[in-house]
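Me: I've just opened this one and don't know my way around yet. Could you walk me through it, one question at a time?

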Amino acid sequence: MLNKNLKSWIEVDANSDFSIHNIPFGIYKDNKVKHRACSAIGEYIIDLVELADAGFLSVDKSILEQQFLNEFISLGKPSTNAVRAKIIDLLSNDSDPVAAELKTNKELFNKIFKKQVSVTMLLPVRVGDYTDFYSSIDHATNIGTMIRDPKNALMSNWKHIPVGYHGRASSICVSGHSFHRPKGQQKPADSELPVYGPAKLLDIELETAFIIGKQTQMGDSVSTSNADDYIFGMVLFNDWSARDIQTWEYVPLGPFLAKNFASTVSPWIITLEALEPFRTKGYTQDPKVLPYLEYKGDRNLDIKLDVFLKPEKGEENHICSSNYKYMYWTMEQQLAHHTVNGCNINVGDMMASGTISGPDPKEYGSMMELTWRGTKPITLKDGSERKFVNDNDTIIMKGYCEKDGIKIGFGECVAKVLPAK
Ligand code: CA
C-alpha cells in the first residue's frame, strides 16, 4: 500500500517524522493565529485555513478555526480523508496549478507553510472521556510478578477481557507542559498508618491513545470489523502514575488519584489511514477469545517507541525502546469490548493502550519495570541514579513507523515534573 514513488516537491529530511506519507492533523497557534487546524510536511506546519483561503480545500473555514479538531473530525472520514488526499496531491504533484503557484509565490507559500519551530502546538481535541486499557501482556505480567505472585502474574480475566478503567480527561495536557508532583496518601511498608505528602514514586507509562472519530448512541456496539470506521487516529500518551499513592488506594476500585493529576499527549493525530501500511501480526491469543472479540488479519501495528529522560542540567538519556506490536489486545478489540455493553462513545474521546512493554528488560515502558521497583536503579550520563522520576526531570517520548525506507512519526510527547506545590 506504500507508494514509494510518492515524493513531495518540498524538501523533507529522510529522518523527518512528517514525510508525505504522514500528513497528520493538529491545532497550532503563533503570534498572529489564536488557534487553527494544521497538517505538517517536513519542517513546516500547513495552515489549513490559509489553504482553504487559497481555494484549495472545500472545507468550511469556520470549522478549521475552532480551538479543537472535534468538529473537523465529525465531518466524517470521507471528508477528512479527502482533505488529507488533497494535501498529498498538492504536495506531490507540482503540475497542479496551485502547487505551481505556491512554488513561485513566496508570499503565498509563507502564509500557508510555517516553520514548526515558529509555532506552538495545542491540544488537538476536546477530550470528553478518557479510558485507559491495560493491554500489554509483558507489562501486565511484570506488574503481576512484582506486586502479587510470579506464578500467577496475570489475573484470571486478563486473556479474556481487554481490562481497562475510566480515567480523567480534565488533566490531559499537550506536549510541552509541566506539572507539579502530586501529593496524597501513601502507606509505607514499615508504617502502620498512612502518611500524607508528595509522591516519592512518580512514574511514567509509555502508551499510545486512539481518538474516536465517530459517535455512537447508547445501546449501540461497535464490532471489531467496523471499529476502524470509529478510530480517527493515534497519539503518543504518557500516563503519569504515582506508584506509592496507587499501591495504597487501588483496592478494590482501581486507580484514582494515582493517575488523574496529569497525562501528556503528543500534538499530532496520525490518521489510521497513514498507519495502515504498518499493520503487523500481534501475539497469538490463547485461549480463544469470545466471538465479539475475534478479528481477522494482521491488526497490530509496528510502531517503534522510545523514551528519554532529561535531568534539569544534563543531556537526554535514552531509557527505553519498545514497540506497539507487543500489545496483546488490538485497538479494534478494545473498542468492541468498550461498547459491547452499549456504552456510547463521542468524537474526541481518548482511549489509551496501557503501558507498552516488550519482552526484553530494555523494552519496559515504565520506571517501575525498568528499575524493577527501584531495586535496579538506572545510571544516567551525568552519573546520577534514578529509581523513579525526580523533580525537574523532563520525559520525552517518541514514536515512528518505518518500512521500505519510508518513515512516518508522531513527533514528541514531552513533559517536565516540577516540585510539589
Ligand atoms: Ca496507564
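**A first look around**

Reply: Sure, let's start close to the beginning of the chain: isoleucine 23 is found in the segment before strand E1. Keep in mind that this is a predicted model.

Me: What is the phi of isoleucine 23 near?

Reply: Most residues other than glycine have a negative phi. Isoleucine 23 goes the other way, with a positive value in a residue that isn't glycine. The angle is near 50°.

Me: And is isoleucine 23 buried or exposed?

Reply: The cut-off for buried is under 20% relative accessible area. Isoleucine 23 has 0% relative accessibility, so it counts as buried.

Me: Arginine 373 has a positive phi too, I see. What is its relative accessible area?

Reply: Arginine 373 sits in the loop between helix H12 (367–370) and strand E23 (378–379), and its phi is about 65° although it is not a glycine. Buried is under 20% and exposed is over 50%, with partly exposed in between. Arginine 373 is partly exposed because its relative accessible area is 43%.

Me: Which residues coordinate the calcium ion?

Reply: Along the sequence, the donor residues follow the spacing D-x72-E-x1-E-x31-D. Their distances from the calcium ion run from 2.2 to 2.3 Å. The donors are Asp132, Glu205, Glu207 and Asp239.

Me: How many residues apart in sequence are the parts tied together by aspartate 132 and glutamate 205?

Reply: Aspartate 132 belongs to strand E6 (residues 130–133), while glutamate 205 is in the loop between strand E12 (202–203) and strand E13 (206–212). Aspartate 132 and glutamate 205 are both buried. Since the two sit in separate places along the chain, the pair ties together parts that lie apart in sequence by 73 residues.

Me: Which element gives the most to the lining of the largest pocket?

Reply: The largest pocket holds about 840 Å³ of space and is lined by 32 residues, with Tyr134, Val163, Tyr250, Gly254 and Pro255 nearest its centre. E6, helix H7 (137–147), strand E7 (164–166) and helix H9 (243–249) each supply at least two residues of that lining. The top contributor, with 5 residues, is H7.

Me: How many residues in the lining of the largest pocket are nonpolar, polar and charged?

Reply: Sorting the 32 lining residues by class gives three groups. They come out as 16 nonpolar, 9 polar and 7 charged.

Me: Which element supplies the largest share of the lining of the second largest pocket?

Reply: The volume of the second largest pocket is about 530 Å³, and 23 residues line it, with Asp17, Phe18, Gln116, Gly411 and Glu412 nearest its centre. Strand E5 (120–122), strand E25 (394–403) and strand E26 (406–418) each give two or more residues to this lining. The largest share, 4 residues, comes from E26.

Me: How far is the backbone nitrogen of glycine 411 from a polar atom of the side chain of aspartate 17?

Reply: Aspartate 17 lies in the segment before E1 and is buried, because its relative accessible area is 16%. Setting aside residues up to four places away in sequence, aspartate 17 touches several residues, including Tyr400, Phe410 and Gly411. From the backbone nitrogen of glycine 411 to a polar atom of the aspartate 17 side chain, the distance is 2.9 Å.

Me: How far apart in space are glutamate 402 and lysine 304, C-alpha to C-alpha?

Reply: Glutamate 402 is in strand E25, and its contacts beyond four places in sequence are Phe278, Lys304 and Lys407. Glutamate 402 and lysine 304 are 98 residues apart in sequence. In space, C-alpha to C-alpha, they are 8.2 Å apart.

Me: How many residues of helix H11 (residues 331–339) are buried?

Reply: The buried residues of H11 include Met331, Leu335 and His338. H11 is largely enclosed by the rest of the structure, because the buried count is 9 of the 9 residues.

Me: Last one: which residue is joined to proline 287 by a cis peptide bond?

Reply: Most peptide bonds are trans. A cis bond does join valine 251 and proline 252, with omega about -5°. Proline 287, in the loop between strand E18 (279–280) and strand E19 (300–301), is also in a cis bond, with omega about 10°. Its partner there is aspartate 286.

Conventions. Residues are numbered from 1 along each chain as its sequence is written. This is a predicted model: local features need pLDDT of at least 70, side-chain atom pairs count only at pLDDT 80 or more; totals for chains, interfaces and linings use all residues. Side-chain values use heavy atoms; hydrogens and water are left out. Donors are N, O and S atoms within 2.8 Å of the metal (3.2 Å for Na, K and Ca); water is not among the atoms, so sites may look incomplete. Buried means under 20% relative accessible area, exposed over 50%, partly exposed in between (1.4 Å probe, protein chains only). A polar contact is a pair of N or O atoms within 3.5 Å; within protein, one must be able to donate a hydrogen and the other to accept it, and residues adjacent in sequence count only if both atoms are side-chain atoms. Contact means heavy atoms within 4.5 Å. On a 1 Å grid over the protein atoms alone, a cavity is a set of points where a 1.4 Å probe fits but cannot get out, and a pocket is an open set with protein on both sides within 12 Å along at least five of seven lines; lining residues have an atom within 4 Å of a point. Grid points are joined across faces, edges and corners, and a volume is the space filled by probe spheres set on the points. Ala, Val, Leu, Ile, Met, Phe, Trp, Tyr, Cys and Pro count as nonpolar, Asp, Glu, Lys and Arg as charged, and the others, Gly among them, as polar.
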